[in-house]
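Biologist: Before we discuss any labels, could you put the model up, so that each term can be set against its criterion?

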Amino acid sequence: MKPDLIIARYGEVGLKSNRVRKRFENRLKNNIKASIDADVNINQARIYIFPKDFDDAIEKLKRVFGIVSYSPAVSAKSTFDDVERAVSEYADKLHEMGLLDENTKFAISCRRVGKHEFSSQEMAAFAGAVVVGKYSSSVDLTNPELTIYLEVREEDTYIFHEKIEGPGGLPLGTQGKVVSLLSSGIDSPVATYLMMKRGCQVIALYCDNQPYTSSDALKNFEDLVDQLNLYASGAPIKKRVVKYGDYLSMCKSEAPDKMTCILCKSGMYKLAGKLAQKIHADAVIDGSSLGQVASQTLPNILATREDLDVPVLSPLIGLDKVEISKIAEKIGTYEISKRDDGGCKAVPKYPETNADLELVKKVKNDIGQDEKLKEAFETIEY
């Protein structure tokens, strides 16, 4: 007995006002259709998906933000005769799969929407009797080995036994655009993923530090965007690359060596902010984790962001490397980020960790940071 459809569920979308929820539902529907070839309907907080290829849909729905869980299901009319026939056939399917026999402790969970001549408890008891009659299985409502779900919705009933976890979050594209400072490392792709999960459409900006970094780092950036785009159906990530080596060379030659990382990060924020304003994005994303490297101490975070015109969002700020790496492994970016690209050769031996804000302002003015960044901004490749 093959499934007729997939039933998907959303979470916090359902807490929005009617007007906002409708907008979010429409966006989620469009994102699903951008990911898989299917007819999609949304009604009463359930998403009904009728895919052309069920295996493809089941795999890709794991990467559609806004979906909390989903279930391949069979449908029947909401009459006792039709439910009896469908449950009996479904029990046979479970038996063939090795999930149901006389030793299986099972439960029926029934939810009902609409007016019917029976209660949820009555339908659950009825369906349970069908299973017991076929396989003499034991009913255990407290600790079942198998749960068969019935969702009775008006004239239709849906039967399933799996609830596959989705990524959750908000539908991609519902929270505006952001510019992500995406490098080839572990942290920034995870930060980008987390903001996508909160509904943000991403423009990825890579600062090409050659000759201080290799072309391998740029290749890794390309591959990381491709991997993240698996989660971006409906709002693909756009790539931007800026030539940053000349600015970094000026910082190395005209400023105190220990301030290189601060001036580098400050310049990246400014370029991302300028790009955000140009494309009408609302924020900049970075992969900062408090205290993880020299530029991410509190004094240095202040020094690198003190004169920005757009907010900087740092979703990893309270996570450690182990926590960040686990997310990277889960989303498939970890192995790409772990490739040896030679690192950055501009990093000083003793980088500043406790920047004096007024001194940083003076040095930025002395080296003509803004003018050099204007030149760099003109090199952005679309």
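Modeller: Here it is, and please keep in mind that this is a predicted model. A good place to begin is the aromatic cluster that Phe65, Tyr193 and Tyr231 form.

Biologist: Tyr193 also appears in helix 5; what makes helix 5 (residues 187-197) count as largely enclosed by the rest of the structure?

Modeller: Buried means under 20% relative accessible area, and ten of the eleven residues of helix 5 are buried, so the helix is largely enclosed by the rest of the structure. Among the buried residues are Asp187, Pro189, Thr192, Tyr193 and Met196. Just after helix 5, Gly199 has a positive phi of about 95 degrees.

Biologist: Why is the pair of Phe80 and Phe126 called edge-to-face?

Modeller: Two values decide this, because a pair of aromatic rings is described by the distance of the centres and the angle of the planes. The structure holds nine aromatic pairs. For Phe80 and Phe126 the centres are 4.9 Å apart and the planes are at 75 degrees; since centres within 6.5 Å make a pair and planes over 60 degrees apart count as edge-to-face, the name applies. This pair links distant parts of the chain, with Phe80 in helix 3 (residues 80-96) and Phe126 in helix 4 (residues 120-135), 46 residues apart.

Biologist: Why are Phe80 and Phe126 called partly exposed?

Modeller: Partly exposed covers what lies between the buried limit, under 20%, and the exposed limit, over 50%. Phe80 has 27% relative accessibility and therefore counts as partly exposed, and Phe126, at 25%, is likewise partly exposed.

Biologist: What makes you say that the charged end of Lys274 sits over the ring of Phe377?

Modeller: The charged end of Lys274 is 5.0 Å from the centre of the Phe377 ring, and the distance criterion asks for NZ of Lys within 6 Å of the ring centre. The term also requires a position within 35 degrees of the ring normal, and Lys274 is assigned as sitting over the ring.

Biologist: How do you know that Arg198 and Glu12 meet in a salt bridge?

Modeller: Their side chains approach to 2.9 Å, N to O, and the rule asks for a nitrogen of Lys or Arg within 4 Å of a carboxyl oxygen of Asp or Glu, so the pair qualifies.

Biologist: Turning to the domains, what describes the contact of domain 1 (5-165) and domain 2 (177-381)?

Modeller: Seven residues from domain 1 and nine residues from domain 2 take part in the contact, and the two domains bury about 780 Å² between them, 55% of it on carbon and sulfur atoms. The rule finds one salt bridge across their interface, while their C-alpha centres lie 44 Å apart.

How values were computed
Residues numbered from 1 in each chain as written. Predicted model: local features only at pLDDT ≥ 70, side-chain atom pairs only at ≥ 80, totals over all residues. Heavy atoms only, no water. Phe/Tyr/Trp six-rings, centres within 6.5 Å; stacked < 30°, edge-to-face > 60°. Helix = DSSP H or I, 4+ residues; strand = E, 2+ residues; numbered from the N terminus. Buried < 20%, exposed > 50% of the residue type's maximum accessible area, 1.4 Å probe, protein only. Domains from an automatic or database assignment. Contact = heavy atoms within 4.5 Å. Buried area = accessible area lost by both parts, 1.4 Å probe.
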